[in-house]
Amino acid sequence: MYASDKTRQLQETSKSLLKRLAGKPLKPADISTLRQVLVFHEYRYYILNDPLITDTEYDSLYKSLESLEAADPSIIRPDSPTQRVAKSLTKNFPAVHHLVPMLSLENSYNADDLLDWDRKARELTGLSGIAYCVEPKFDGASISLVYKNDLLVRGATRGDGVEGDDITINIKQIRSVPLSAAFSDYGIEQVEIRGEVLMNKENFKKYNAQLAEQQLPPLANPRNAASGSLHIKDPAEVGRRNLEAFLYHVSYYADSENLDINRGEMAGTESAHAARSKKTPLTHSDSLDMLWNLGFRSPQKEKIVFRNIQDTIDYCLDFESKRDQLPYEIDGMVIKVNDFALQDKMGMTTHHPRWAIAFKFKARQATSRLLKVEFQVGRTGSITPVAKIEPVPIGGVTVGSVSLFNEDVVRSKDLKLGDSVLVERAGDVIPYIVKPLTDLRTGKEKKIVFPTQCPACGDELVRAEDEAVLRCININCPAQVVERIIHFVSKDAMDIRSFGAANVLKFYELGLLKDVPGIYQLPFDKIAALEGFGEKSISNLQSAIEASKKQPLHRVIFALGIRYVGETTAKTLAKAVSYLPDFKKFSLDELLALEDIGPKVAGSILQFFENPDNLKMLSKLEGLGVNMRSSRSDKTETGNLSGLSFLFTGTLHELKRSEAEELVEQNGGKILSGVSSNLSYLVVGEDAGSKLEKAKKIPAIKILTEKEFLKFMGKAT
Ligand code: AMP
Ligand code: ZN
């Protein structure tokens, strides 16, 4: 969408605006330039996934546009980046008529189905071979967008296919959807395009982690997360969910010469195509290129055109094998006749177009039986019901245990012991029970009874008024102690690698480990006598424990397992103090003043630091050498480099190699051990050798000098 000289020019303009901003506010004359660079940086970030400026820099440009526009609202254009924000809705979403009905797709499940379909398509068209365009079938919520005179004027859900809900204000929150696009360059005045809104796997995980922090049951899968989000009446909340949109279909357009021209399932005719402006695409594949060139995220890189069905089938199967490596969920592939004229000739049924078919991947659902429910005690004492089911393979993994989260979930699904159940496991999402198959009940199924006493310590369980969970409030409950230690050593907390849940349990049962500080006082002489602990594994464990003492403060805070304090809150807290025990002095109001900390979380933090046992544990940990002070990585935006990988080669001058690597890791980046297409940046010092040569051959790898790297990190930290 932006040629490289345009890219360079916009980047330079951004830098000079930023420079001027550091001195004094920008002027009204800068507004149009500001808009232009902000749209450009949104494109770099949300479409290409390759930002050229930091979030902070983007924010300062954005704020500056916002204040200039506030001074003179008459100059605000509807496609200004500031116009994505909107107030909450008080009414329901109005119904709208789709310009072309949104039909379903025919399904196929194997190569034979596709061979059949190809045969029929050839019979129908009288051709010996047909060109097919193949692309992923995105597993989200479908939307239709209407652009008129280059402006986004409407966004709607699929609804029943004929009528959907007008969710324009929520669609505007999805940053990969451009508010304006130069369709006029193609001679198109009005266009309806279709696509799928998704929440990618990483954001889905984060979102569920946030729900878990609030002790709410997680969402079942990214598809539900996406479709649920589109109907929220608070657009700002929709924005926070970080949705993305892939646009894969142009269903209707009218050009300047003839406003009545339709294309798509409804009224496409050969003459309609002939009359269309020359610039408009004539094949599906070209229409995806057009969307991409206009700044949309279309499956431009993923799509491919084949001239025969066997290659098409092979591509589908190959994609299926890579399914888990994609950042988002797909549930199959879609095969479309590439030529629009041919599509029109083939037409549609009332249910689906004849020129397209979905190739569905293997289901990630299976049926099983609910054998029993066990009750597990978590580190905060919460009791979680866990379903034990007859083990079934789903998506390559055998599933025998499925969390049921809490009593409300069990009740709302009306689950009974002995039920046949439908189980789903989507990607790396934890498996869950979709529903009991009530038609298969025999009458012998039994009610699930919740315990009144803790299964680990026997204490009476309590249920707080506002909570769906039962809880054991015995602070010394052995199950809780073990869970707290497991959490402390876990990867996202202190990351003591060779420890793991199994060792925690073993050491605890043998009396070698009684509490969290005990991690740093393990009797290694006794451990050495245990089976399975050789010299090597002991020395690995020792050095991992030793290294964990230097973890940044936000990890230490997260590791403590304070209720409602997840990784995000831990980072906020680490920024707020320079010495952890200082939280003793914080008042409720001071905690509430911190970013994103509400009364529930603040109350829990206060409680933690009021408890003398907890303070004793902290001073014990400090005495054993565990870091209690915040460092630079706590104070800065950690995770700026997340998703990026680095490799260093040659001699560095300003930093030691290990320091440079640490800097990357502290900022959320990864260090790779060799040059591959997964590498984002190769940093070259003096006398760089073969790695540099190899990296030069892979266009995706960016090569930085040490100086450039330092500058880059200066921006990033
Ligand atoms: P189904 O809901 O199983 O009938 O499948 C049809 C749905 O697949 C459409 O309504 C779209 O929402 C969705 N879909 C996802 N990706 C694509 C794609 N690349 N092309 C067409 N439809 C797609
Ligand atoms: Zn207990």
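Two strands pair if DSSP finds at least two bridges between them. On that basis, five strands of this predicted model form an open sheet with mixed pairing. Two of the strands, 3 and 10, each supply at least two residues of the shell around ligand 1.

**The sheet**
- The strand order is 2-11-10-3-9.
- Strand 2 (106-108) and strand 9 (304-306) are the edges, each pairing on one side only.
- From one strand to the next, the twist averages 35°.
- Strand 10 and strand 11 (residues 356-360) run antiparallel and share five bridges.
- K336 has A356 of strand 11 as its bridge partner.

**The helix across the sheet**
- Helix 4 (residues 111-125) lies across strands 2, 3, 10 and 11.
- Relative to strand 11, helix 4 runs at about 175°.

**The shell around ligand 1**
- There are 13 residues around ligand 1, and E135, F138, R158, E196 and K336 come nearest.
- By class, the shell holds six charged, five nonpolar and two polar residues.
- Strand 3 (132-138) and strand 10 (330-337) each give at least two residues to this shell.
- Strand 3 gives the most, with four residues.

**Polar contacts and burial**
- The side chain of S104 places an N or O atom 3.0 Å from an oxygen atom of ligand 1.
- Y248 has a polar side-chain atom 3.3 Å from a nitrogen atom of ligand 1.
- For K360, a polar side-chain atom lies 3.5 Å from an oxygen atom of ligand 1.
- Ligand 1 taken alone exposes 490 Å², of which the protein buries 83%.

Notes:
Residues are numbered from 1 along each chain as its sequence is written. Chains are lettered from A and ligands numbered from 1 in the order in which they are written. This is a predicted model: local features need pLDDT of at least 70, side-chain atom pairs count only at pLDDT 80 or more; totals for chains, interfaces and linings use all residues. Side-chain values use heavy atoms; hydrogens and water are left out. A residue is near a molecule or strand if one of its heavy atoms lies within 4 Å of it. A polar contact is a pair of N or O atoms within 3.5 Å; within protein, one must be able to donate a hydrogen and the other to accept it, and residues adjacent in sequence count only if both atoms are side-chain atoms. Accessible areas come from the Shrake-Rupley method with a 1.4 Å probe; for residues, only the protein chains shown count as cover. Ala, Val, Leu, Ile, Met, Phe, Trp, Tyr, Cys and Pro count as nonpolar, Asp, Glu, Lys and Arg as charged, and the others, Gly among them, as polar. Axes are lines fitted to C-alpha atoms, for helices over the stretch in contact, and angles run from 0 to 180 degrees between N-to-C directions. Contact means heavy atoms within 4.5 Å.
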